[in-house]
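This briefing sets out the fold, one helix pairing, one pocket and a few individual residues of a single protein. Please read it alongside the sequence and the structure shown here.

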Amino acid sequence: MFRNTCARLVLPSIAYAQRVNSGSIKACPHQESALRHVDRLYNDLISFKESASGKVPRDTMGTVPSRQGGIPEVAVAKMNAHRAKVGSGESAFHPISNIRSVYMYGGVGCGKTMLMDLLFEEVPFERKRRVHFHQFMNDVHKTMHSVRQDRLHHSGDPIEQAASRLIAN
């Protein structure tokens, strides 16, 4: 679902505190502990969106690490280039690489989905889509199946094609 939002900047932890103070939710120390990571993700997303480099197309020339755990030569070259450019303020990595994800785990009803919904509500992007992990993985598998069927008639990188289709939806 895409939602239009106004350009207000409220950290998820502040929105959480407002809900606790209003009595709409009860404070939970585990949720409050997780909020620092949610706030960091929020700040990473805002920084990426506001940066001029946020419009740079993603570099897709990298390769998947080998099954033996080796680092591909392309990745080593990029790391070396990054080390050389750090002093000049430039980065050899795509700007989206600066966004670190959050992995939440816990029992049923502990507030994982509520915290992610809170993050979704507070991120002031015009276009955004909230998809639960299980639905996302179902979409990935369906899209990969569709790409494999289409590959009978077309060539190209199936992962890149699937990613493009998922982003377009």
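Of the 169 residues of the protein, 21% count as buried. The model is a predicted one. It contains six helices and zero strands, and the order along the sequence is accordingly written α-α-α-α-α-α. Among the contacts between residues at least 6 apart in sequence, 62% join residues at least 24 apart.

**Packing of α2 and α4**

- Helix α2 spans residues 29-50 and helix α4 spans residues 112-122; the two pack at an angle of about 35°, and their axes lie 11 Å apart.
- The crossing that α2 and α4 form is right-handed.
- On the α2 side, the contact is made by Q31, A34, L35, V38, L41 and Y42, and on the α4 side by M114, L115, L118, L119 and E122.
- By residue class, this contact of α2 with α4 comprises nine nonpolar residues, one polar and one charged.

**Buried residues of α4**

- L115, L118, L119, F120 and E122 are the residues given as buried in α4.
- The buried residues of α4 pack against two helices, α1 (12-22) and α2.
- Among the buried residues of α4 are L115, L118, L119 and E122, and these four also take part in the contact with α2.

**The second largest pocket**

- The second largest pocket holds about 290 Å³ of space.
- Its lining consists of 15 residues, of which H30, A34, M104, Y105 and K112 are the closest to the pocket centre.
- Helices α2 and α4 each supply at least two residues of this lining.
- Helix α2 gives the largest share of the lining, with five residues.
- In the lining of the second largest pocket, eight residues are nonpolar, six are polar and one is charged.
- A34 is among the residues closest to the centre of this pocket, and A34 also belongs to the α2 side of the contact with α4.

**Individual residues: K49 and I14**

- K49 is located in helix α2.
- K49 counts as exposed because its relative accessibility is 54%, and the cut-off for exposed is over 50%.
- K49 and P124 are 75 residues apart along the chain, and their C-alpha atoms are separated by 9.9 Å.
- I14 is located in helix α1.
- I14 counts as partly exposed because its relative accessibility is 43%, a class that lies between buried, under 20%, and exposed, over 50%.
- I14 and L35 are 21 residues apart in sequence, with a C-alpha to C-alpha distance of 9.5 Å.
- L35 is also one of the α2 residues that make the contact with α4.

Technical notes:
Residues are numbered from 1 along each chain as its sequence is written. This is a predicted model: local features need pLDDT of at least 70, side-chain atom pairs count only at pLDDT 80 or more; totals for chains, interfaces and linings use all residues. Side-chain values use heavy atoms; hydrogens and water are left out. Axes are lines fitted to C-alpha atoms, for helices over the stretch in contact, and angles run from 0 to 180 degrees between N-to-C directions. A crossing is left-handed if the near helix is turned anticlockwise from the far one by less than a right angle, and right-handed if clockwise. Contact means heavy atoms within 4.5 Å. Ala, Val, Leu, Ile, Met, Phe, Trp, Tyr, Cys and Pro count as nonpolar, Asp, Glu, Lys and Arg as charged, and the others, Gly among them, as polar. On a 1 Å grid over the protein atoms alone, a cavity is a set of points where a 1.4 Å probe fits but cannot get out, and a pocket is an open set with protein on both sides within 12 Å along at least five of seven lines; lining residues have an atom within 4 Å of a point. Grid points are joined across faces, edges and corners, and a volume is the space filled by probe spheres set on the points. Buried means under 20% relative accessible area, exposed over 50%, partly exposed in between (1.4 Å probe, protein chains only).
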